[in-house]
Amino acid sequence: FEYKPFPVPRLFANFFSGRVDFKFPDNPNWQVDQRKGKAVHYSAPVFAHIDGTLVRPEARDRGPDAIKTLGTVVGFTPWPWNDRIKAGKVTVAENADFAALAQQTVSKRVDAAFGSVAVMNHHLEAVLRTPGALVFDPKLPHLKDSYYLASLKHPDVLKDFLEVRGIGILNIRTTFGETAVRPRKSLKLIVHLEDHTDEQFKRLD
């Protein structure tokens, strides 16, 4: 594999035109209109993610009515906010990348930012050197979903890919051998249920 990073709009254009063989991350719900009439093939879910709303710490827990301007990145659609956007209650401001989005929100030019919570936190810590300047607010619209590896040309290659935490996306069959992949497996689980506080749930998010 040769890995090439692209800006989001160009990545979609290159993928749907066939100029790149695989796209990651991808999701069937992204750019639905561009997928019409195309046989896009997906791997199993590679890993779960949260696309959520991040605000300055002092603005947390104020609810959706407090958000009048919402920042996002070009090519991303803030689906959980769509009803409020269509109703004219929220105005969207697009940015070229996540670093610009974080800076825009930290500097109070928008009320909140919508995007991948993990990616936003990475840019706050590693790029802007301001960890904690924005926080995910689970009381605001958000979406829990999964990232996939997608291809128009090579569905046979996709079936054995999985994300291994700390390593990356691996072809499990090639890396660990035939016995590492099974079409089905019976598991015995013991589930212990406990009451949790709101704060514990926030840490899980």
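Let's start with one pair of residues: Leu54 stands opposite Ala113 in strand β6. You are looking at a predicted model, and this pair is a handy way into it.

Leu54 belongs to strand β3, which covers residues 47-55. Strands β3 and β6 run antiparallel, and 4 bridges join them. Now look for another partner of β6. Strand β4, made of residues 69-73, is joined to β6 by 2 bridges, and these two strands run parallel. Here you can find Leu70 standing opposite Ala112 in β6. So far, then, we have met β6 paired antiparallel with β3 and parallel with β4.

How many of the residues of strand β6 are buried? The strand spans residues 112-116, and 5 of its 5 residues are buried, so β6 is largely enclosed by the rest of the structure. Buried here means that a residue has under 20% relative accessible area. As you look along a strand, keep in mind that side chains in a regular strand alternate between the two faces of the sheet.

Now step back to the whole protein. It has 8 helices and 10 strands, and its C-alpha atoms fill a box of roughly 50 × 50 × 35 Å along the principal axes. Of its 205 residues, 35% are buried. Among contacts with a separation of 6 or more, 64% are between residues 24 or more positions apart.

Finally, turn to the outside and the charges. The protein exposes about 12,900 Å², with carbon and sulfur atoms supplying 54% of that area. There are 29 positive and 24 negative side chains, and the centres of these two sets lie 3 Å apart.

Note on methods:
Residues numbered from 1 in each chain as written. Predicted model: local features only at pLDDT ≥ 70, side-chain atom pairs only at ≥ 80, totals over all residues. Heavy atoms only, no water. Buried < 20%, exposed > 50% of the residue type's maximum accessible area, 1.4 Å probe, protein only. Pairing = 2+ DSSP bridges. Contact = heavy atoms within 4.5 Å. Areas by Shrake-Rupley, 256 points an atom, 1.4 Å probe, with all protein chains shown as cover. Lys, Arg positive; Asp, Glu negative; His and termini not counted. Charge placed at Lys NZ, Arg CZ, Asp CG, Glu CD.
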